[in-house]
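Here's a quick briefing on how the nonpolar side chains group together, plus a couple of backbone oddities. Have a look at the model first.

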Amino acid sequence: MIRKSIIFSAVLAASLLFSCKDDNTTEAPIETEEITFTKEGEATLLKANGDTIQKIDIEIADNSYERQTGLMYRESMEDDQGMFFIYDDEAPRAFYMKNTYIALDIIYFASDSTAVSFQKNAQPLDETSLPSEKPAQFILEINAGLADDWNIEVGDKIDFAKID
């Protein structure tokens, strides 16, 4: 029994010795560059009758990585900017605000570019699913409150073009 006690004490002492950290050392913070908006296209929001609601610059997310990342880690976005998601097909879609620091309005558009539903004032860092009410192929994220300010409604449209 004494031998087990001695072995246990030696193992405990060794683990404490090797797990101690020098209090004089500090870990340097990892510095990353701020993610900034990159204009990749232009979009025009249109009333159902064709009248222009608003023109904005868009950053385009049209591949899996870009669609998964979206506006994550962004500190801000101008009111004349938006993130535009393009999918290959129309399907039920759902977004969430993981690692997203900006409150957003999310507008879901069908394959014919008609607005089919909204998720307004999506809160930063909230991981609650924010689904479309109908299948969507295109999604526009803009600063929270702008959908109401611009009076965007179901049935309105979006026209967009990529720039070179």
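This is a predicted model. A good place to start is Ile-142: leaving out residues up to four places away in sequence, Ile-142 touches Ile-56, Met-77, Gln-81, Gly-82, Ala-103, Leu-104, Asp-105, Ile-107, Ala-147, Trp-150 and Ile-152.

**Nonpolar cores**

- In soluble globular proteins, nonpolar side chains tend to be buried together.
- The largest nonpolar core here has 20 residues, and the ones touching the most other members are Leu-45, Ile-107, Phe-109, Leu-140, Ile-142, Trp-150 and Ile-152.
- Two or more residues of this core come from each of strands E1 (41–46), E2 (52–61), E3 (81–91), E5 (104–109), E6 (115–122) and E8 (136–143), and from helix H3 (146–149).
- E2 gives the largest share, with four residues.
- There's also a second, separate core of 18 residues, with Leu-71, Met-97, Tyr-108 and Val-116 among them.

**Positive phi outside glycine**

- Most residues other than glycine have a negative phi.
- Ser-113 goes the other way, with a positive phi near 70°; you'll find Ser-113 in the loop between E5 and E6.
- Ser-113 counts as buried because its relative accessibility is 14%, under the 20% cut-off.
- Asn-121 also has a positive phi, near 55°, but this residue lies in strand E6.
- With a relative accessible area of 43%, Asn-121 is partly exposed.

How values were computed. Residues numbered from 1 in each chain as written. Predicted model: local features only at pLDDT ≥ 70, side-chain atom pairs only at ≥ 80, totals over all residues. Heavy atoms only, no water. Core = buried A, V, L, I, M, F, W, Y, C linked by side-chain atoms within 4.5 Å. Buried < 20%, exposed > 50% of the residue type's maximum accessible area, 1.4 Å probe, protein only. Contact = heavy atoms within 4.5 Å.
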